Amino acid sequence: MPNFVEIWVYLSATPLFGLTATLVVYVLVQAGYVRLQQAPWANPVLWTVVIIAALLLATGVSYPAYFAGAQFIHFLLGPAVVALAWPLWQRRAALALHWRGLLLAALVGGVAASGSALALGWAFDLPPEVLRSLAPKSVTAPVAMGIADKIGGIPALAAVFAVVTGMVGALSGKYLFAALKIPTNPAGWMARGFALGTAAHGIGAARALQVNADAGAYAGLALGLQVVLASLLIPFAFRLF
């Protein structure tokens, strides 16, 4: 016990705490996810967030102190997103054949994602700054924060909306696609992955990649298209209206 206490005191006072806690929790949760045959409700990102949040609350460690170590993992997010280009390169012939349809689907999907969120916000009479934070909810969190800041929203709130949206998409996608009877042939995996990347950005793309390589590739494409389209069109729409 004394040795454990000494280790805990040392880790909690250094940046190693955030790094060690994140890696240990994620590895354990990922093992459980695999053991449960990748059940959507056992999503490792979801449970890692829940457990880390509970751990910080229980130990009294502040988020800045935690992030001092976790930022080393956060830094890898950029290279991980860039790495999604490799599966797309492997499918470049299919992309050249379907690029018009994919671009149109990305545009319609993005408008539907943002528009439906704004419509619900208006229906519930949410404050203007919350509505502006809600608009980029289907774009990956760092980009959503930048868009929200540019259009007068609250970046931190936009990040929360984006993460929640990604979680909901990753958890519900399998059941929704089954209800819609979208097949699991090559065309079906393309549709499933592209839809998940459009609606649930990076978290959805990670889930798609775990299930099927084709789905993951098209989810990555949808994620990239949403980043570009949302960054251009959402600020333009708010300037008009």
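## A quick tour of a predicted helical model

At 36% relative accessibility, L107 counts as partly exposed (between the cut-offs of under 20% for buried and over 50% for exposed, with a 1.4 Å probe and protein chains only). The model is predicted, so local features need pLDDT of at least 70 and side-chain atom pairs count only at pLDDT 80 or more, while totals for chains, interfaces and linings use all residues. Residues are numbered from 1 along each chain as its sequence is written, and side-chain values use heavy atoms, leaving out hydrogens and water.

**The surface patch**

- L107 is found in helix α7; helices here are DSSP runs of H or I with at least four residues, numbered from the N terminus.
- Together with L104, V108, V111, V228, L232 and L233, L107 forms a nonpolar patch on the surface, with about 630 Å² of accessible area together.
- Two elements, α7 (92-123) and α12 (213-240), give two or more residues to the nonpolar patch, and α7 gives the most, with four residues.
- Patch members have over 30% relative accessible area and no salt bridge, and nonpolar side chains (Val, Leu, Ile, Met, Phe, Trp, Tyr) are joined within 5 Å.
- Accessible areas come from the Shrake-Rupley method with a 1.4 Å probe, and a salt bridge is a side-chain nitrogen of Lys or Arg within 4 Å of a carboxyl oxygen of Asp or Glu.

**The nonpolar cores**

- The largest nonpolar core has twelve residues in all, including L88, L102, M190, F194, Y218 and L229; such a core is a set of buried Ala, Val, Leu, Ile, Met, Phe, Trp, Tyr and Cys residues joined through side-chain atoms within 4.5 Å.
- At least two residues of this core come from each of α7, α11 (186-211) and α12, and α12 gives the most, with six residues.
- Apart from the largest core lies another core, of nine residues, among them F17, I52, V61 and Y66.

**Contacts of two residues**

- Not counting residues up to four places away in sequence, F194 touches L102, A105, A106, Y218, A219, L221, A222 and L225, where contact means heavy atoms within 4.5 Å.
- T198 sits in helix α11 and counts as buried, at 7% relative accessibility.
- With residues up to four places away in sequence again left out, T198 touches G109, G110, S138, A222 and Q226.

**An exposed loop residue**

- K181 lies in the loop between α10 (155-179) and α11, and counts as exposed because its relative accessibility is 73%.
- From C-alpha to C-alpha, K181 and P235 are 36 Å apart in space, and they are 54 residues apart in sequence.

Terms used:
Patch = residues over 30% accessible without salt bridge, like charges linked within 9 Å, V, L, I, M, F, W, Y side chains within 5 Å.
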